[in-house]
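Me: I have just opened a structure that is new to me. Could you teach me how to read it, one feature at a time?

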Amino acid sequence: MVARIGVLLLPWFLVGPASGAEESLVPPADGKPVLQLDAGGPMAAVTALAFAPDGKTLYVGGYDKIVRAWVRDEKSGKFTAGAAYHIPIGPGLNGLINAVAVSPDGKQLAVAGSGAVRVSAGFGDTGLIVPLPGRLTPAMEKDWGAVYLFDLEKENDAVRPLRAHRGPVLRLTFLPALKDKPPLLVSVGREGTDKVAVRLWDAAKGELLAEKDDLPDPGGNEPPGLAAWHTGPEDKDVGVATALATDLSRPDRKDAPPGRLFFWNVNKDDLKSWKLDGQFFTNSAAFRPGKSFEGVLFTADARAKSGSR
C-alpha cells in the first residue's frame, strides 16, 4: 500500500459555537493546514474497537487520533477501509482516542480520549505544554474531556460535543436499546489527581442526565472496566458498574488495595464500592442477567478470577 501525504485542516468547523455562548464548544483552530501522512490504516497504537450492531462495520481508534470504519465483505470476509471520523487534534497527546462506542441502533458513534485543549501549543509552535489539573480554565478542562457524538446517518461533519468531563475520558458504553427510552451513553474519566467521574447522557438530545464525579481514583494505568444496564422504564433507571485498578508500582500506592468495584444506582443516586484484597488487579466489569454485576479480576500473571455483587 502506498502512503499518501495530504493536507488536513483542523476540524474546527465540525461544531460551531452555541448561540449566545461566550466560548466555543470546541477549541478554536488557527486555520493553518497541517500535513498528514495517510497510510490507509492505523498509524499508531490502537486503543479502542467497536463493532456496529450488524457486525459488518468495525470502528477503530487510537493514538493516530482518527476513527476509521472497516467494512467486512460478506463473501470474502475481508475488511476494507471505509469512512474516517475526525475530532479536534493538536500535537503530542492532544486528540488521542481512548474509547469508541456505537449505539444499539447503529446510528451514533461516540468518541473520546484526551481531547485537544484550547490555548495550548499548536503544530507550528516550539516547546511543550502538557495539561495539568488545577492549571486549566473550566473551558480547557472540558476540552480535555469532551465526548464527540457522530450522527452516522448524516455527513461526516454531523457531530456534537458532550461537555462535562474535566479530564481525559477512559471508557464509553451505550446501554442496550429499550422501548420508550432514548439512546443512553455512559462515560468514565479522570478528574483532577485523585477522582474518577461517571456520567450518564441522553444521546438523542446530547444532554447530561446524571453524574457521579467523586469516585476515589486508585491510580492505575489500566483503563477501567465499564458495564451499564436498565433497571426500569424511566430514563435514569440505570445501573452502572465500573472496575478501577491500582498502580501498585507507585510508592504512594504500595499499601492500597489492588482495585475497587463500584456500583452506581443512578435513579437513587446510590453508590456502593468494594475494596478487593489480595494480589488481584481489577480492570473489567460485565453485566449478567439476574446479577447486579460481575467483576473480572486479573492477577499479575494474567490468570482471571471472577465474582459478583
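**Reading the structure step by step**

Reply: Gladly, and let us start with one residue. Leaving aside neighbours within four places in sequence, Tyr59 is in contact with Ala48, Leu49, Ala50, Ala52, Val67, Arg68, Ala69, Tyr85, Val100, Val102, Leu109 and Leu152. Keep in mind throughout that this is a predicted model.

Me: Is there a general idea behind such a gathering of residues?

Reply: There is. In soluble globular proteins, nonpolar side chains tend to be buried together. In this chain, the largest nonpolar core has 19 residues, and Tyr59, Val67, Tyr85, Val100, Leu109, Val111 and Phe150 are the ones that touch the most other members.

Me: Which strands each supply at least two residues of this core?

Reply: They are strand E3 (46-51), strand E5 (66-72), strand E7 (96-102), strand E8 (108-114) and strand E9 (147-151). E7 gives the most, with three residues. Apart from this core lies another, of 18 residues, including Leu175, Ala228, Leu244 and Val266.

Me: Let me step back. What does the secondary structure of the chain come to?

Reply: The count is one helix and 21 strands. The chain has 309 residues, and 47% of them count as buried. The chain exposes about 15,700 Å², with carbon and sulfur atoms supplying 52% of that area.

Me: And how do I read contacts along the sequence?

Reply: Look at how far apart the partners are in the chain. Among contacts with a separation of 6 or more, 49% are between residues 24 or more positions apart.

Me: Now the sheets. In what order do the strands around E4 lie?

Reply: To read a sheet, follow its strands from one edge to the other. Here four strands form an open sheet in the order E3-E4-E5-E6, with antiparallel pairing. Its edge strands are E3 and strand E6 (79-86), each of which pairs on one side only. Neighbouring strands are turned by 25° against each other on average, direction ignored.

Me: Where does Tyr59 come into that sheet?

Reply: Look at the pairing between strand E4 (residues 57-62) and E5, which is antiparallel over four bridges. Tyr59 has Ala69 as its bridge partner in E5. When you look at strands like these, remember that in a regular strand the side chains alternate between the two faces of the sheet.

Me: Which strands make up the sheet that contains E11?

Reply: That open sheet has four strands in the order E11-E12-E13-E14, and its pairing is antiparallel. Strand E11 (169-174) and strand E14 (207-216) are at the edges, each pairing on one side only. The twist from one strand to the next averages 15°.

Me: How many bridges join its strands?

Reply: Take the pairs in turn. E11 and strand E12 (residues 184-191) pair in the antiparallel sense over five bridges, and Phe174 stands opposite Leu185 in E12. Seven bridges join strand E13 (residues 195-202) to E14, again antiparallel, with Lys195 partnered by Pro216 in E14.

Me: Is E11 mostly covered or mostly exposed?

Reply: E11 is mostly covered, as five of its six residues are buried.

Me: What about the loops? Where do Ile87 and Lys65 lie?

Reply: A loop residue can be checked for its place, its cover and its backbone angles. Ile87 lies in the loop between E6 and E7, while Lys65 is found in the loop between E4 and E5. The two are 22 residues apart along the chain, and their C-alpha atoms are separated by 7.5 Å. Ile87 counts as buried because its relative accessible area is 5%, under the 20% cut-off. Lys65 is also buried, at 11% relative accessibility, and has a positive phi of about 70° although it is not a glycine.

Me: Where does Asp269 lie, and is it buried or partly exposed?

Reply: Asp269 lies in the loop between strand E17 (259-265) and strand E18 (270-276). At 44% relative accessibility, Asp269 counts as partly exposed. Its phi is positive too, at about 50°, although Asp269 is not a glycine.

Me: One last stop: which strand holds Phe262?

Reply: Phe262 lies in strand E17 and is buried, with a relative accessible area of 2%. Phe262 and Val240 are 22 residues apart in sequence, with their C-alpha atoms 8.0 Å apart in space.

Terms used. Residues are numbered from 1 along each chain as its sequence is written. This is a predicted model: local features need pLDDT of at least 70, side-chain atom pairs count only at pLDDT 80 or more; totals for chains, interfaces and linings use all residues. Side-chain values use heavy atoms; hydrogens and water are left out. Two strands pair if DSSP finds at least two bridges between them. Axes are lines fitted to C-alpha atoms, for helices over the stretch in contact, and angles run from 0 to 180 degrees between N-to-C directions. A nonpolar core is a set of buried Ala, Val, Leu, Ile, Met, Phe, Trp, Tyr and Cys residues joined through side-chain atoms within 4.5 Å. Buried means under 20% relative accessible area, exposed over 50%, partly exposed in between (1.4 Å probe, protein chains only). Contact means heavy atoms within 4.5 Å. Accessible areas come from the Shrake-Rupley method with a 1.4 Å probe; for residues, only the protein chains shown count as cover.
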